[in-house]
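Q: Please take a close look at a single part of this predicted model, the open sheet. I would like to follow the pairing of its strands from one neighbour to the next, and then to see what lies against the sheet.

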Amino acid sequence: RTVYLNGQYLPEEEASVSIFDRGFVMGDAVYEVTSVLGGKILEFDGHVARLNRSLAELEIVCDISREEWLEIHRELIKRNDLDEGMIYLQVSRGNAGDRDFHYPPAGTPPTVVLYTQSKPGLADDPKAQKGITVISVPDLRWHRRDIKTVQLLYASMVKMAAEKAGKQDAWFVEDGFVTEGSSNNVYIVKDGKIITRQLSNDILHGITRASLLKYAAEAQMEIVERPFTVAEAQAADEAFFTSASAFVMPVVEVDGVALGSGKPGPVSLRLREIYLDESV
Ligand code: PDD
């Protein structure tokens with residue numbers, strides 16, 4: 001695989017980053033995951049806009065323009081002959097020398113890494129036809145979930161907890177309400193209405209979420225942006241989640257309780273189809 005590191009395209013074996021890099025020592029880095037279907041990049045502008053927002057919130061200076069990002073994405077797709085899969089992008093605050101909590105001096109170059117991950121069959125994931133099962137867990141993450149940082153340890157812990165419980169993912173719950181999924185935004189469907197938590201610093205502002213809500217509104221579907229509880233989800237007709245890597249994924253069970261028929265619901269499946277039609 002050919003990867004990108006700080007302006008260079010390199011074989012992955014030759015791409016290495018300093019042990020002093022703040023991404024490594026402090027988790028001081030932001031990232032994006034963007035899907036590629038049929039060689040086409042999905043939601044490119046949305047991901048670049050959110051990346052720039054994450055960088056600005058953390059005062060990481062990275063002066064790569066939209067056109068340069070696009071060029072890097074296209075070049076990686078070409079060099080790796082990527083048809084279906086993902087592009088992972090990470091920008092850390094760079095190599096700051098000896099460990100220090102304070103940010104390094106202005107002018108310290110960030111570390112920019114991009115690589116492709118091939119996932120043939122990504123759009124035809126059989127999980128979408130079966131639906132996935134989730135457990136709920138307390139949301140113990142920090143309170144700036146709107147910034148897409150690489151600090152994903154708790155998300156990993158809860159995905160492992162779900163796996164140990166024989167389930168496939170976890171939903172975070174805070175103050176009695178579901179915030180989001182471990183790596184996705186969540187929705188329930190009740191009496192034809194799509195209910196999803198409103199945007200705030202409590203959740204990541206999903207790029208897939210923004211597009212999906214736009215397409216749903218265009219299809220005359222009713223959307224209500226408000227928090228919901230696990231009990232409400234268990235009593236809902238359907239549930240699903242969205243993310244750049246899974247698009248729209250039906251959820252059929254929450255904490256052992258089957259939703260509706262226990263199979264992916266018609267609204268979820270229709271939204272998946274609409275999303276894939278519109279965004280590719
Ligand atoms: N995760 N919420 C969280 C906590 C996420 O990590 C993600 C994305 C989302 C959905 O955002 P988007 O639609 O922009 O992908 C919501 C990515 C895919 C990941 O970490 O792999």
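A: Strand β1, residues 2-5, is joined to β2 by four bridges, and the two strands run antiparallel. Within this pair, threonine 2 of β1 has proline 11 of β2 as its bridge partner. β1 is also joined to strand β6, residues 111-118, here by two bridges and again with the strands running antiparallel. In that pairing tyrosine 4 is matched with leucine 114 of β6.

From β6 the path continues to β5, and these two antiparallel strands are held in register by eight bridges, with valine 91 standing opposite valine 112 in β6. β5 is in turn joined to β3, also through eight bridges and also antiparallel; an example from this pair is tyrosine 31, whose bridge partner in β5 is glutamine 90. The last step goes from β3 to β4, which pair in the antiparallel sense over two bridges, and there leucine 37 stands opposite lysine 40 in β4. β3 and β4 form a hairpin with two residues between the strands, and in this hairpin glycine 38 takes a positive phi near 60°.

Put together, these pairings give an open sheet of six strands in the order β2-β1-β6-β5-β3-β4, with antiparallel pairing. Because β2 (8-11) and β4 (40-41) stand at the edges and have a single partner strand each, one side of each is left without a neighbour in the sheet.

What lies across β3, β4 and β5? Helix α2, residues 44-57, lies across these strands, namely β3 (29-37), β4 and β5 (85-92), and the helix runs at about 175° to β3.

The setting of the sheet in the whole chain can be described through the domain division, in which the protein chain is split into domain 1 (2-121) and domain 2 (127-279). The C-alpha centres of domain 1 and domain 2 lie 26 Å apart, and the contact takes 19 residues from domain 1 and twelve residues from domain 2. On the side of domain 1 that touches domain 2, β3, α2 and β5 each supply at least two residues, and the largest share, seven residues, comes from β3. By class, the residues on that side of domain 1 divide into seven nonpolar, eight polar and four charged. β3 therefore appears in several parts of this picture, since β3 is bridged to β5, is paired with β4 at an edge of the sheet, has α2 lying across it and gives the largest share of the domain 1 side of the contact.

For comparison with the rest of the chain, the ligand is surrounded by 14 residues, of which the closest are Leu204, Gly206, Ile207, Thr208 and Ala244. α6 (207-218) and β13 (238-243) each supply at least two residues of this shell, and α6 gives the largest share, three residues. The shell is made up of four nonpolar, eight polar and two charged residues. The axis of α6 also comes within 10 Å of the axis of helix α8, residues 266-279, and the two cross at roughly 105°, which means that α6 is roughly perpendicular to α8. Ser211, Leu212, Tyr215 and Ala216 of α6 make this contact with Leu271, Ile274, Tyr275, Glu278 and Ser279 of α8.

Definitions and conventions:
Residues numbered from 1 in each chain as written. Predicted model: local features only at pLDDT ≥ 70, side-chain atom pairs only at ≥ 80, totals over all residues. Pairing = 2+ DSSP bridges. Contact = placed C-beta atoms within 7 Å. Axes fitted to C-alpha atoms, helices over the stretch in contact; angles between N-to-C directions. Near = placed C-beta within 6 Å. Nonpolar A, V, L, I, M, F, W, Y, C, P; charged D, E, K, R; others polar. Domains from an automatic or database assignment. Parallel < 35°, antiparallel > 145°, perpendicular 65-115°, else oblique.
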